[in-house]
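This report describes how strands and helices are arranged in the structure shown below. Sheet pairing is treated before helix packing.

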Amino acid sequence: MARDLPNVVRDDAERLAPEQLEQIQFRRLKALLAHVSSTNGFYSRIWRERGVDVNSIESLEDFSNKVPTVEKSDFISDQEAEPPFGRRLRHLLDEQQQLMLFTTSGTSGQGQELHAQTLRELQGSAEVYAYMLRWAGLKSGDKALLTLPLTMLGGGRLEYHGAHDYGLTVLPAGNYDADRKLKLIERFRPKALIGTTSYFWHLAAVCDGEVRDMGVEALFCGGEGASLSWYNRLEEEWSARVYDRYGSTQARNDHMFTCEEGVGTTERAGMLHNIDTHVLLEVIDPATGRHVKDGERGEVVITSLYHLDTPVIRCRMKDLATYRPGAYCRCGRHFRGIEIGSISRLDNMYRIKGINVWPQSIEQILLSSDMVDEYEVVLSTKADGADEAVVRVMPKVPLVGKQSENLASWLADEIKNRIALRFRIDVVAPGELERSQYKAKRWTDNRIHIADLSRRGATAS
Ligand SMILES: [Zn+2]
């Protein structure tokens, strides 16, 4: 099967002209569509139902116009119809293929997607990560410490493999607490840290400003929206360069990266270059489906050009971002992408301590207690830099004695069981909270690393 793929991945691909890149993308796309239409029950059914013959697609534009998008709900209903793998993976089970399995966050089956990857796809993923690491100046044998834990999630394991396959000496420290991570950083002096933006701030706060002497040169941020002023603060705090990245479990990869030009400044943001040879990026107007222009905001839609066994084709990511062609960046590469610090969610999802949290899932738990009348959720950053989520709960009648303590601990446990995060519950007196008509208004995000972004997101959507 791999033989059908044109040998298009070259070290100098990042220097190709836009037209040449598009030719490569289209060749890979044709091979992908031909393969998937004859092997994958999930996609071939969607296309058949919409009357689309993917083998007659004649251009990238044709592809965007004719091929339907897929999203989370499609993956979930597929898994529910054929648990636990869904039709998407049925053909691989028949072939007894070795699979890497990833779930999206959340502990319950509801809303938790399953994605897989084969070993040859892992190879493609390594090719993509090589860009991130090379652009940041890392070389084979350099040390990198991974602050993400290794779990069922994609984030953590994917970065681990990417860094390992590139030739780095990887310290998988993510399952330890912050103190132990800091001791490992002091002891081994890794050149790079790979993790999430807010966690690097947490480490700096725990260490009381001494992180600048630890010899770390590159911080690979990402995994959550963050503002440019925040990245700039992080660079000062660590005396290191920040490199941003964008990816998803659906892509099973980070595939957009900061080049050596860096994240930019609040006056002129840098960009995340998509690795166009491997992933087809579209940024579309969610209302019309049309690709947006340079500098306009739209929804990120991705197609992986190298996932033939476990394809992801025109997946809507529910992330809004500002589109930029490669020419926006001073580095001269033509890889297209999005502006740094421009990402916000289309569906009000919050990322708290690296976990995806939808307001409706919290609301379901709170309102399952017949004592709860109204509530509000406030997200903030604690003195040690970690995220804090506080739910202020207003009961219907005044609570006496241990009643309010019991309600608080019951709600905290229910939330913990459901989404694997502990929220602090403050029970307030009846009348203290105003009744809200809008679900989204019950949430306030005051976390410092995204304060600017919330404002931007609010004006865009
Ligand atoms: Zn660049």
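Ala144 has Val170 as its bridge partner in β4, and in this predicted model Leu145 is likewise bridged to Leu171 of β4. These pairs belong to the contact between strand β3, residues 143-146, and β4, which pair in the parallel sense over four bridges. Ala144 also stands opposite Ala192 in β5. Strand β5 covers residues 192-194 and runs parallel to β3, the two being joined by three bridges.

**The five-stranded sheet**

Both pairings fall within an open sheet of five strands, ordered β4-β3-β5-β6-β7, in which the pairing is parallel. The edge positions are taken by β4 (169-172) and β7 (241-243); each has a single partner strand, so one side of each is left without a neighbour in the sheet. On average, neighbouring strands of this sheet are turned by 20° against each other, direction ignored. Helix α7 connects to this arrangement through a right-handed β-α-β unit made of β3, α7 and β4.

**The four-stranded sheet**

A further open sheet contains four strands in the order β20-β19-β18-β21, and its pairing is mixed. Here β20 (424-427) and β21 (443-445) stand at the edges with a single partner strand each, so one side of each is left without a neighbour in the sheet. The average turn between neighbouring strands of this sheet is 20°, direction ignored.

Within the four-stranded sheet, strand β18 (residues 372-381) pairs with β21 in the parallel sense over three bridges. Leu379 has Asp445 of β21 as its bridge partner.

Two helices lie across strands of this group. Helix α11, residues 359-367, lies across β18, β19 (387-395) and β21, and runs at about 140° to β18. Helix α12, residues 403-419, lies across β19 and β20 and runs at about 150° to β20.

**Helix-helix packing**

Two packed helices are described by the angle between their axes and the distance between the axes. The table gives both quantities for two helix pairs.

| Helix pair | Residues | Angle between axes | Axis separation |
|---|---|---|---|
| α6 and α7 | 119-135 and 154-166 | about 75° | 8 Å |
| α8 and α9 | 178-188 and 197-206 | roughly 85° | within 10 Å |

How are α6 and α7 oriented to each other? Their axes pack at an angle of about 75°, and α6 and α7 are therefore roughly perpendicular to each other. On the α6 side, the contact involves Leu122, Ser125, Ala126, Tyr129, Ala130 and Leu133, which meet Leu158, His161, Gly162, Ala163, Asp165 and Tyr166 of α7. By class, the residues of the contact of α6 with α7 comprise eight nonpolar, three polar and one charged. Helix α7 thus appears in two settings: it packs with α6, and it forms part of the β-α-β unit with β3 and β4.

For α8 and α9, the axes cross at roughly 85°, and these helices are therefore roughly perpendicular to each other. Helix α8 contributes Ala178, Lys181 and Leu182 to the contact, while α9 contributes His202, Leu203 and Val206. The contact of α8 with α9 has four nonpolar residues, one polar and one charged.

Technical notes:
Residues are numbered from 1 along each chain as its sequence is written. This is a predicted model: local features need pLDDT of at least 70, side-chain atom pairs count only at pLDDT 80 or more; totals for chains, interfaces and linings use all residues. Axes are lines fitted to C-alpha atoms, for helices over the stretch in contact, and angles run from 0 to 180 degrees between N-to-C directions. Angles under 35 degrees count as roughly parallel, over 145 as roughly antiparallel, 65 to 115 as roughly perpendicular and the rest as oblique. Two residues are in contact if their C-beta atoms, placed from the backbone, lie within 7 Å. Ala, Val, Leu, Ile, Met, Phe, Trp, Tyr, Cys and Pro count as nonpolar, Asp, Glu, Lys and Arg as charged, and the others, Gly among them, as polar. Two strands pair if DSSP finds at least two bridges between them. A crossover is right-handed if, with the strands pointing away from the viewer, the path from the first strand over the helix to the second runs clockwise.
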